[in-house]
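Please show me the sequence and its model. I would like to go through a few points in it by asking and answering.

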Amino acid sequence: MAIATVSPVTGETLKTFTPLTSEEIQSKIAIAQTSFEAYRNTTFAQRSQWLHQAADLLEKNSAEYGRIMTVEMGKTWKSAIAEAKKCALVCRYYADHGADFLKDIPGESDGSAAFVRYQPLGVILAVMPWNFPFWQVFRFAAPALMAGNVGLLKHASNVPQCAIAIQEIIEQAGFPPGVFQTLLIGASQVEEVLADERVQAATLTGSEYAGASLAATAGKYIKKTVLELGGSDPFIVLNSADVELAVSTAVTARMLNNGQSCIAAKRFILQTGIADQFIEQLTARFEALKMGDPMDENVDVGPLATASICQEIDQQVEKTVAMGGKVLIGGKPLDRPGNFYPPTILTDIPPDSPGALEEFFGPVALVFRVKELEEAIRLANGINLGLGASVWTQDEGERDRLINDIEAGAVFVNGLVKSDPRLPFGGIKRSGYGRELSIQGIQEFVNIKTVWIR
């Protein structure tokens, strides 16, 4: 895939970039290692100051950073501005709490004293996706830099201007040169970076295939990885739920980021007592959504990020329908330039179809009916992904069953699944391993050093 900005609205190639050569990659790794040797000795107070300055820049220039995101991957401008501001939030969170998260922890031993000390690992490679092109990077960068690591960013090839802007933010915030560098490289060049002995670990957010590839390479070189991969999150609504609130939340939960979110609600599992009411209201709300130019503040849903993503979801819908699924609304790409796929609802989904087994990365709601709580849990868990789940009930017993029995990295009760700097984020099964955010996120890429003293 070429490293280029291609408008999701028109399909026009706006700007292209030349990938780094092997020599240029080696030079940047050398700069990163040299920078780390000095940066690791900076104080938490100094790193905190730089992170606060990065947050100031993100807030001050959120409209411009939002414009870059919208131009490159098609999210609505209003949501892109909100994303830039959320990046400021995670910078401030680790600036304020990182030192406490990494302070020495006293322990008992047969010596005079013992404690655990957290120390940075060194150069960390981040392989990041296009769907939240600022947030995914900063939720890695903020804790990694606060811990004293340095970063190399291999961003998705369709958001190069976002990648360049992020490096500029970190440099303008005052961080020393070389502490965070963007590598404009293709996927085939990742192994060269990860194989280098100066690179200590890697994190990836992306597809199952990309995660498996990175993990295999890291395993070959015995390097730590954190993976945040796909999700086909269930949105379970039981008869006891507040249906009006569930429906209004469902629209946001599915259409967020034009439907292109790992933790978007994708499989709507409805108990029969409320199913008709829920589907009727969801359909009406989907029909009311406005599609169009994502820079228009009145637009609710913009284009998908690339033509191939639009083609893939169209094929998934077509195959599901051919196997017996039914389309209530939408179901075909819009006949206009760009990657526009309309809000879509599928029902009567066969158990062996893409709609039952695969992640749909676009504005398609997959609707299932169940009679009992146990059936809802079996259906929710009957897939090899386990990122998040949203469950809706006003019954305490049902709530506790769902919290305990749903196989996912997060369960949100009567609310949409979202990432929050204060809470750990990640999945199980083929949705990945490790955690980002909160105290767990900053402790992923540190040496947990045991110290024993006589």
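Questions and answers on this structure follow.

Me: What kind of model is this, and how are residues numbered?
Reply: This is a predicted model, in which local features need pLDDT of at least 70 and side-chain atom pairs count only at pLDDT 80 or more, while totals for chains, interfaces and linings use all residues. Side-chain values use heavy atoms, with hydrogens and water left out, and residues are numbered from 1 along each chain as its sequence is written.

Me: Does the span of H11 agree or disagree with the 1.5 Å a residue expected, and what is the distance between its end C-alpha atoms?
Reply: Helices (H or I, at least four residues) and strands (E, at least two) are DSSP runs, numbered from the N terminus. The expected span of a helix is 1.5 Å times one less than its number of residues. For the 16 residues of H11 this gives 22 Å, and the computed distance between the end C-alpha atoms agrees: 22 Å.

Me: Which elements do the buried residues of H11 pack against?
Reply: Buried means under 20% relative accessible area, exposed over 50%, and partly exposed in between (1.4 Å probe, protein chains only). In H11, the buried residues are Ile309, Cys310, Ile313, Asp314, Gln316, Val317 and Thr320. They cover an arc of only 160° around the axis (taken from the directions from the helix axis to the C-beta atoms), so they lie on the same side of H11. Gln315 and Ala322 are exposed on the other side, and the buried residues pack, by contact (heavy atoms within 4.5 Å), against E13, H12 and strand E14 (364–370).

Me: Is Thr320 buried or exposed, and what is its relative accessible area?
Reply: Thr320 lies in helix H11 (residues 307–322). Residues that Thr320 touches, not counting those up to four places away in sequence, include Leu346, Ile349, Pro350 and Phe360. Thr320 is buried, because its relative accessible area is 0%.

Me: Which residue has its backbone oxygen 2.8 Å from a polar atom of the side chain of Thr320?
Reply: A polar contact is a pair of N or O atoms within 3.5 Å; within protein, one must be able to donate a hydrogen and the other to accept it, and residues adjacent in sequence count only if both atoms are side-chain atoms. The backbone oxygen that lies 2.8 Å from a polar atom of the Thr320 side chain belongs to Gln316.

Me: Is Asp348 buried, exposed or partly exposed?
Reply: Asp348 is found in the loop between strand E13 (344–347) and helix H12 (354–357). Asp348 has a positive phi of about 50° although it is not a glycine. Its relative accessible area is 44%, so Asp348 is partly exposed.

Me: Which residue in E20 stands opposite Arg117?
Reply: Two strands pair if DSSP finds at least two bridges between them. E4 and strand E20 (residues 446–453) pair in the antiparallel sense over 8 bridges. Opposite Arg117 in E20 stands Lys449.

Me: Which helix gives the largest share of the largest nonpolar core?
Reply: A nonpolar core is a set of buried Ala, Val, Leu, Ile, Met, Phe, Trp, Tyr and Cys residues joined through side-chain atoms within 4.5 Å. The largest has 114 residues, and those with the most contacts inside it are Tyr94, Phe134 and Phe138. The largest share of this core, 10 residues, comes from helix H4 (residues 77–101).
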